[in-house]
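This report introduces one protein structure to a reader who has not met it before. The sequence and the model are shown first, and a description in running text follows.

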Amino acid sequence: MFRFFSHSKRCLQVKRVLQRREQPPWPAHHVAATQKGSFSTTPVDRSSRSDLWPKDVGILALEVYFPSQYVEQVELEKYDGVEAGKYTQGLGQRQMGFCSAHEDINSLCLTVVQRLVERSHLSWDSIGRLEVGTETIIDKSKAVKTVLMQLFQDSGNTDVEGIDTTNACYGGTASLFNAADWVESSSWDGRYALVVCGDIAVYATGNARPTGGAGAVAMLVGPNAPLALERGLRGTHMENAYDFYKPDLASEYPVVDGKLSIQCYFRALDQCYAVYRKKIQSQWQKEGITKPFTMEDFQFIIFHTPFCKLVQKSVGRLLLNDFLAAPKPDTESGIYKGLQSFRGKKLEDTYSDKDVEKAFQKASLEIFNQKTKPSLLLSSRNGNMYTPSVYGCLASLLAQCSAQQLAGSRIGAFSYGSGLAASLFSLRVSQDAAPGSPLDKLVSSLSDLQTRLDSRKCFPPEEFAQIMKLREDTHHLANHTPHGSKDDLFPGTWYLQQIDDKHRREYARKPL
């Protein structure tokens, strides 16, 4: 793992820069790290209003955690007695990670935060905000964030803002937006924000079970980031829908309307893309650029991924949006060749139209292979992680592209949470891909993703089903010690030791 900070006694000194009385809404300069070799900021020129914000606020570092065990989807097809290819080709899934009895949402988040801080050589007092996005609720009052504060105990840092954010798979994105907004606000004290997304996606026995998964992602947020959130470019859509929800608070299993959920996903994608295009074209017009925005203006596109086949269909959906919005699309040659018969379609009438779906999925295949397929490594091999899903796709993209390939690119990101809340936003990648640059370090930090996936232990479907049944029977118990061995956990993994008679949970960490 790369080293962000030099080998001095203190990794990072935090300098508070806000003067809270009679000052403009942003400080004259921001200091997130003063130590040589760290992420650093430069003094802000206040000669123009746009320069009052910290520059290039976004993702400085990213860490991923997934369980050390998995089941093969092709074997699960045989075990479930379904036709060959239903999970592997129909859903596009190869493997599915699942948690041991010793893991819960708290342990997943403890592990990913500890890994990010240690591997980035951060000091715990350099973090001023920590927010968790999750829908895996094990306590209706106590937040996961409060459990994570035990990691800060030795540092004495209790001045850490943020709490849990929940709405299905969207909570991680809401947390990322909140973190970036904090850095750009008058409340920012010069320290980093830490965003944590984690979930355990489990389903009752049946058709939905193969779309499960588990994992966590942690992101360090601050200025001068190699992956900067593009300011003013968020297209959001929210509405009231019952496509996926968890009304039984005694069960981990959701109620799912599969057909409605896919329709809601596509409708949200349409709406978010329309709003995003309107906003970026407005920005372009101010700069004298008059061309329409299309998918071609994204060098890469990542999606929330319930299953990989849905993402491939979503790329086709964006192409349909571009096609219908184009004043005079060329249907004689190029990407729209042969699509003239769909010219009179309305988006809202096409959610269940298989002819439209197949035609635009075929037409967009090259776009999918170039812009999106590299991001599906983790989703295809670990499954749906819920809130971390789209950020697992980001990690997969970074793990499979070089800094030179990524430099200067615009990454479109679609985040969706049932119920529903969705946003399409974009990340602008730094132009500097030189060895030792922040971008180079970020990419290098994820280069072991494939190796880590390969190092997991494969379980037969019979044992997987037994573990799922045991989880169903014991996840809510008090005065309980998890069954089974901890030997298969990755080194450095936090795990649940026991739950006492008052439902209080104790955790320990497996030695590195």
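A cavity is a set of grid points where a 1.4 Å probe fits but cannot get out, and its lining residues have an atom within 4 Å of a point. The structure described here is a predicted model.

**Enclosed spaces and a pocket**

Rolling a probe the size of a water molecule over the atoms shows where empty space is left. The structure holds three cavities of 30 Å³ or more. The second largest cavity contains about 80 Å³ of space. Its lining comprises 14 residues, and those nearest the centre are A201, V202, G213, F464 and M468. Two or more residues of this lining come from each of β3 (95-97), β6 (192-201), β7 (213-222) and α14 (461-474).

The largest cavity has a volume of about 100 Å³. Its lining consists of F266, K313, G316, R317, L320, T350, Y351, D353, V356, E357, F360 and Q361. The elements that contribute two or more residues to this lining are α6 (308-325) and α7 (354-363).

An open space is also described here, namely the second largest pocket, with a volume of about 760 Å³. It is lined by 31 residues, and L91, G258, K259, I262 and F307 are the closest to its centre. Helices α5 (258-286), α6 and α7 each supply at least two residues of the pocket lining. The largest share, seven residues, comes from α5.

The table sets out the make-up of the three linings by residue class.

| Space | Nonpolar | Polar | Charged |
|---|---|---|---|
| Largest cavity | five residues | three residues | four residues |
| Second largest cavity | ten residues | three residues | one residue |
| Second largest pocket | 16 residues | ten residues | five residues |

**Strand β13 and its partners**

Strand β13 spans residues 421-429, and eight of its nine residues are buried, so the strand is largely enclosed by the rest of the structure. Strands of a sheet pair through backbone hydrogen bonds, either parallel or antiparallel. Strand β8 (residues 227-238) pairs with β13 in the antiparallel sense, over eight bridges. Within β13, F425 stands opposite R234.

Strand β12 (residues 410-417) also pairs with β13 in the antiparallel sense, over eight bridges. Here A422 of β13 is the bridge partner of Y416. Together β12 and β13 form a hairpin with three residues between the two strands. In the turn, G419 has a positive phi of about 120 degrees.

**A sheet of three strands**

An open sheet is built from three strands in the order β3-β2-β14, with mixed pairing. The edges are occupied by β3 and β14 (457-458), each with a single partner strand, so one side of each is left without a neighbour in the sheet. Strand β2 (residues 69-72) pairs with β14 in the parallel sense over two bridges. In β14, C458 stands opposite Y70. Strand β3 has also appeared above, among the elements that line the second largest cavity.

**Helix α4**

Helix α4 (residues 171-183) has 13 residues. From its first C-alpha to its last it reaches 19 Å, close to the 18 Å expected at 1.5 Å a residue. The helix is mostly covered, with eleven of its 13 residues buried. Among the buried residues are G171, T173, L176, F177 and W182.

**Aromatic pairs**

Aromatic rings are paired here if their centres lie within 6.5 Å. By this rule the structure has 20 aromatic pairs. One of them joins Y273 and F293 in an edge-to-face arrangement, 6.5 Å centre to centre and with 65 degrees between the planes. This pair links distant parts of the chain: Y273 belongs to helix α5, whereas F293 lies in the loop between α5 and β11 (300-303), 20 residues apart. Y273 has a relative accessibility of 0% and counts as buried. F293 is likewise buried, with a relative accessible area of 2%.

For F303 and F414, the ring centres are 6.5 Å apart and the planes stand at 65 degrees, so this pair is edge-to-face. It too links distant parts of the chain, with F303 in strand β11 and F414 in strand β12, 111 residues apart. Both F303 and F414 are buried. These two residues belong to one aromatic cluster with Y265, F266 and Y416. Within this cluster, F266 also lines the largest cavity, and Y416 is the residue whose bridge partner in β13 is A422.

Technical notes
Residues are numbered from 1 along each chain as its sequence is written. This is a predicted model: local features need pLDDT of at least 70, side-chain atom pairs count only at pLDDT 80 or more; totals for chains, interfaces and linings use all residues. Side-chain values use heavy atoms; hydrogens and water are left out. Helices (H or I, at least four residues) and strands (E, at least two) are DSSP runs, numbered from the N terminus. The expected span of a helix is 1.5 Å times one less than its number of residues. Buried means under 20% relative accessible area, exposed over 50%, partly exposed in between (1.4 Å probe, protein chains only). Two strands pair if DSSP finds at least two bridges between them. On a 1 Å grid over the protein atoms alone, a cavity is a set of points where a 1.4 Å probe fits but cannot get out, and a pocket is an open set with protein on both sides within 12 Å along at least five of seven lines; lining residues have an atom within 4 Å of a point. Grid points are joined across faces, edges and corners, and a volume is the space filled by probe spheres set on the points. Ala, Val, Leu, Ile, Met, Phe, Trp, Tyr, Cys and Pro count as nonpolar, Asp, Glu, Lys and Arg as charged, and the others, Gly among them, as polar. Rings of Phe, Tyr and Trp (its six-membered ring) pair if their centres lie within 6.5 Å; planes under 30 degrees apart count as stacked, over 60 as edge-to-face and the rest as tilted.
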